[in-house]
Amino acid sequence: MSLSRREFIKIGAGATAAVGLGSGLVTQWWGLDNNPIPNPNTEGDRIVPTFCELCFWKCGVLAHVKKGPDGQERVVKITGNPDHPLSRGKLCPRGTGGTGLLYDPDRLKQPLVRTKSKRGEDIFEAVSWETALDEVAAKLMKVKEEHGPEALALFSHGFGGSWFKHLLKAMGSKNIAAPSYAQCRGPREVGYWLTFGSGIGSPEAVDAEHARCIVLMGSHLGENMHNTHVQDFSRAIDRGADIIVVDPRYSTAASKARHWLPIKPGTDIALLLAWMHVIITEKRYDADYIQKHAIGFDELKKHVEAKTPEWAYPITGIRPEKIRETARLMAGAAPATLIHPGRRSTWYGDDTQRERGKAILAALLGSWGREGGYLIPSKMSVQPYPDQPYAQTPKAALDRVKEGLYPLADETLASGLCDISVPGEAAMNLKGWIVYGTNLIQSLPDYRKTVKAIQALDFIVTVDVLPAEICGWSDVVLPESTYLERTDDLWNPGYREPFVAMRQQAVEPLYQSKPGWWMAKELANRMGLAAYFPWKDSLEYVRERATRSGLDFDTLQAKGVVKGAVVPTTEEQGLTLSFDTESGKIELYNQTLKNLGFDPIPDYYPVEEPPAGSFRLITGRAPMHTFGRTTNNRFLSECYDENEVWVNADVAKGLGFKNGDRVILVNQDEVRSEPISLRATQRVRGDAVYIVHGYGHTAEGLKFAYKRGASDSLLTTNYKVDPIMGGTGMNVNFVRIEGVA
Ligand SMILES: Nc1nc2c(c(=O)[nH]1)N[C@H]1C(S)=C(S)[C@@H](COP(=O)(O)OP(=O)(O)OC[C@H]3O[C@@H](n4cnc5c(=O)[nH]c(N)nc54)[C@H](O)[C@@H]3O)O[C@H]1N2
Ligand SMILES: Nc1nc2c(c(=O)[nH]1)N[C@H]1C(S)=C(S)[C@@H](COP(=O)(O)OP(=O)(O)OC[C@H]3O[C@@H](n4cnc5c(=O)[nH]c(N)nc54)[C@H](O)[C@@H]3O)O[C@H]1N2
Ligand code: SF4
Ligand SMILES: [Mo]
């Protein structure tokens, strides 16, 4: 079955089924001459409910398993679990492509130890698990003895990382971070927390399904494929909800919108202030809600008095009448107006303030804790496994927050841990890294700094499923089994309906790969920490947790999920709203920010402009890929196998380029991309160029993805740090375009 690109990105207009395409897709066996399953169109011999790891949304999936003529069981297809609240029987294209990872011929197959003296030369020797684990345990213990446990750090992204977090804490260190905070949603969490006393969290509990108006700033839903959100968004479109999209690029979402506001990049705060001006001066805000729940309205009113649409026009490029019309539209639908919180908010370094601007606008519309707006999530409690308490209280995380920088960060910064590993950058440097499921070379800004940090370490070990860039920079590489080959911990997120989900093994691990729980337990045994891993295996561990929590483990195994009692999520449903802020109210004006020397109400400051002849590099997602983690996936690449650079058609013409030309992007630091195809289009402003993140791999072991397309990560050598919480704004790189012969 071949799949056209259009089928995947189609949303709205009765096309909700587009996100459920999985049912038609079947596994292939890359690199094998004979298909070991003669009829791949089968439902399989048995179905194992588990949850997805192709991205961090973690939808419930059903793995269809069939025994081949060779006697080996294989996953033949993956479909959405109808009982799971995040998938509701449907998957995004990536989720159906999990077999493309499981059967990726380039997978890490055995433990590897670096043989060359210099890191980064990517020359390794395959060794036994005994040898690899002995080496890792000895090196980690050496760092601990020589520098103390606080010289150890764990970078961990992805659900399987829980075992290593436990291991690091047992060793006495609290230096645990993921790029999903300071490189992703950190500013959003802090901006909303300062306003409502609560962050947004993941999965985001927003009510697009019942919204009458949805405002997307960036947040390119439909290309950003978080399954449940896209389903809800699609339904909202079918229902005729008014969509307002603010984006310098005509995104898929913009193509479904009533209003597309092609904003000048970096000026969203000015637009937000002008919207507030209109809503307040025209008395269109929810006066009862503000009176009951908020403080600082008078200060806000005064603050936006002069922030007229006419003031914002030359800044944002959005005409005053358009600003007024959209402000009235969102006020007319309130409180069922969803100012979408977005997710990746690390854009310009002023990001906490922009996110706070969105939160304040939502408060004026009365949509926090209201139907069609933001839902108040709830969560089922799951008891811990009764193991040994950490002997030494893990020492405080050693990132920049502890040096008095970025005072309102509420999680450890991955970039902060990297910074303080560079000699001379901090009073004490980190000496040992464990890297689990995160490709730091591509996900932290300025790879040159990341490499500098790595070169100065005593030891670095990476746990991954593929030979990603970070593996090449490691001393030891441990091959993990994919999510379909292992049982992990239970998952009980805060969401609009409470549930507990179980990840369980569908098939035996391929090659010599091992699940993370086994590696962490084996390492603990070697480091005198066996008491922290007293269970036989992860199945015994989760069964004990479930039983102690009063959950029906048989149902959990059979269905993959158990749901809790439904609790009210909105005022309409009888919920009494409360706010965990300093004042106990929604803080339109924030005294904490003021005390720390920051603006108590967001204000607009211009961002640096691209020099003449250069363009701002902006990035986003392709619906069928997750970052660089799926670009080697042959299955998903059948639909989208290379990124292209979007250049405004007039600009391209002026530069003498036409559609399809091969070009190179050169950034402000003279870093050059791999050749990439130019897409001349009116769908992007003339001052920016756009590429999808995750391409241009430099790791040769990723045989399919190697040098395919161009890498925005390489070009992101500049970044602007948010002084409030340390997020790394990355939309501050400029590129010029050169032709290739
Ligand atoms: N298919 C797929 N889906 C994914 C992911 C994936 O890898 N693949 N990743 C997931 C993750 S972890 C995240 S964090 C999210 C990221 O997805 P989002 O949170 O949607 O990311 P953003 O960076 O907000 O959105 C990118 C959009 O912002 C626009 N933009 C750039 N600069 C500006 C600006 O100055 N102002 C405005 N208003 N818009 C601007 C870009 O043109 C682009 O359309 O996606 C999630 N979903
Ligand atoms: N330049 C730039 N930088 C960015 C972004 C951007 O858009 N542009 N986006 C930012 C955002 S929003 C985020 S959330 C972060 C994400 O950053 P990362 O968390 O680093 O995400 P990936 O790049 O997908 O790296 C994931 C790694 O995990 C491996 N992996 C996959 N499955 C498993 C598994 O089951 N077990 C193990 N052990 N490993 C596994 C993959 O092979 C891959 O090497 O990046 C941020 N950094
Ligand atoms: S959104 Fe897609 S890739 Fe992400 S967990 Fe769900 S099915 Fe998997
Ligand atoms: Mo993210």
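## Surroundings of ligand 2

Ligand 2 is surrounded by 28 residues, the closest being His-157, Thr-438, Ser-443, Asp-464 and Glu-480. The model described here is a predicted one.

Several polar contacts can be named for ligand 2. An oxygen atom of ligand 2 has a backbone N or O atom of Asn-439 at 2.9 Å. Arg-621 places a polar side-chain atom 3.0 Å from an oxygen atom of ligand 2. A nitrogen atom of ligand 2 is also involved: a polar side-chain atom of Asp-712 lies 3.1 Å from it.

## Surroundings of ligand 1

Around ligand 1 there are 31 residues, and the closest of these are His-220, Asp-247, Asp-268, Tyr-348 and His-625. Two of the residues just named make side-chain contacts with oxygen of the ligand. For His-220, a polar side-chain atom is 2.7 Å from an oxygen atom of ligand 1. For Asp-247, an N or O atom of the side chain is 2.6 Å from an oxygen atom of ligand 1.

Arg-343 takes part through its backbone: one of its polar backbone atoms is 3.2 Å from an oxygen atom of ligand 1.

## Surroundings of ligand 3

Ligand 3 occupies the largest cavity. Its shell includes the cysteines Cys-52, Cys-55, Cys-59 and Cys-92. Also around ligand 3 are Leu-54, Trp-57, Lys-58, Leu-91, Arg-94, Gly-95, Met-225 and Asn-227.

By residue class, the shell of ligand 3 consists of eight nonpolar, two polar and two charged residues.

## Domains

The domain assignment divides the protein into three parts. Domain 1 is made of the segments 112-181, 396-483 and 512-546, domain 2 of the segments 193-377 and 570-595, and domain 3 of residues 615-739. Between the C-alpha centres of domain 1 and domain 2 the distance is 38 Å.

## A seven-stranded sheet

An open sheet is built from seven strands, with mixed pairing, in the order β5-β4-β15-β14-β13-β6-β7. Its edges are formed by β5 (124-126) and β7 (176-177), each of which pairs on one side only.

Strands of a sheet pair through backbone hydrogen bonds, in either a parallel or an antiparallel manner. Within this sheet, β13 (residues 432-436) and β14 (residues 459-464) run parallel and are joined by five bridges. Val-435 is found opposite Thr-462 of β14. Asp-464, at the end of the range 459-464 given for β14, is one of the closest residues to ligand 2.

## Backbone features in loops

Two cis peptide bonds can be described, both leading into a proline. The bond from Ser-202 to Pro-203 is cis, with omega near -5°, and Pro-203 lies in the loop between α6 (179-196) and β8 (213-217). The bond from Ala-334 to Pro-335 is likewise cis, with omega near 5°; Pro-335 belongs to the loop between α12 (320-333) and β12 (337-339).

A further backbone feature concerns Asp-446. This residue, which is not glycine, has a positive phi, near 55°. Asp-446 is located in the loop that connects α15 (440-443) with α16 (447-455). Ser-443, the last residue in the range 440-443 of α15, is among the closest residues to ligand 2.

Methods
Residues are numbered from 1 along each chain as its sequence is written. Chains are lettered from A and ligands numbered from 1 in the order in which they are written. This is a predicted model: local features need pLDDT of at least 70, side-chain atom pairs count only at pLDDT 80 or more; totals for chains, interfaces and linings use all residues. Side-chain values use heavy atoms; hydrogens and water are left out. A residue is near a molecule or strand if one of its heavy atoms lies within 4 Å of it. On a 1 Å grid over the protein atoms alone, a cavity is a set of points where a 1.4 Å probe fits but cannot get out, and a pocket is an open set with protein on both sides within 12 Å along at least five of seven lines; lining residues have an atom within 4 Å of a point. A molecule sits in a cavity or pocket if more than half of its atoms lie within 2 Å of its grid points. Ala, Val, Leu, Ile, Met, Phe, Trp, Tyr, Cys and Pro count as nonpolar, Asp, Glu, Lys and Arg as charged, and the others, Gly among them, as polar. Domain bounds come from an automatic or database domain assignment. Two strands pair if DSSP finds at least two bridges between them. Helices (H or I, at least four residues) and strands (E, at least two) are DSSP runs, numbered from the N terminus. A polar contact is a pair of N or O atoms within 3.5 Å; within protein, one must be able to donate a hydrogen and the other to accept it, and residues adjacent in sequence count only if both atoms are side-chain atoms.
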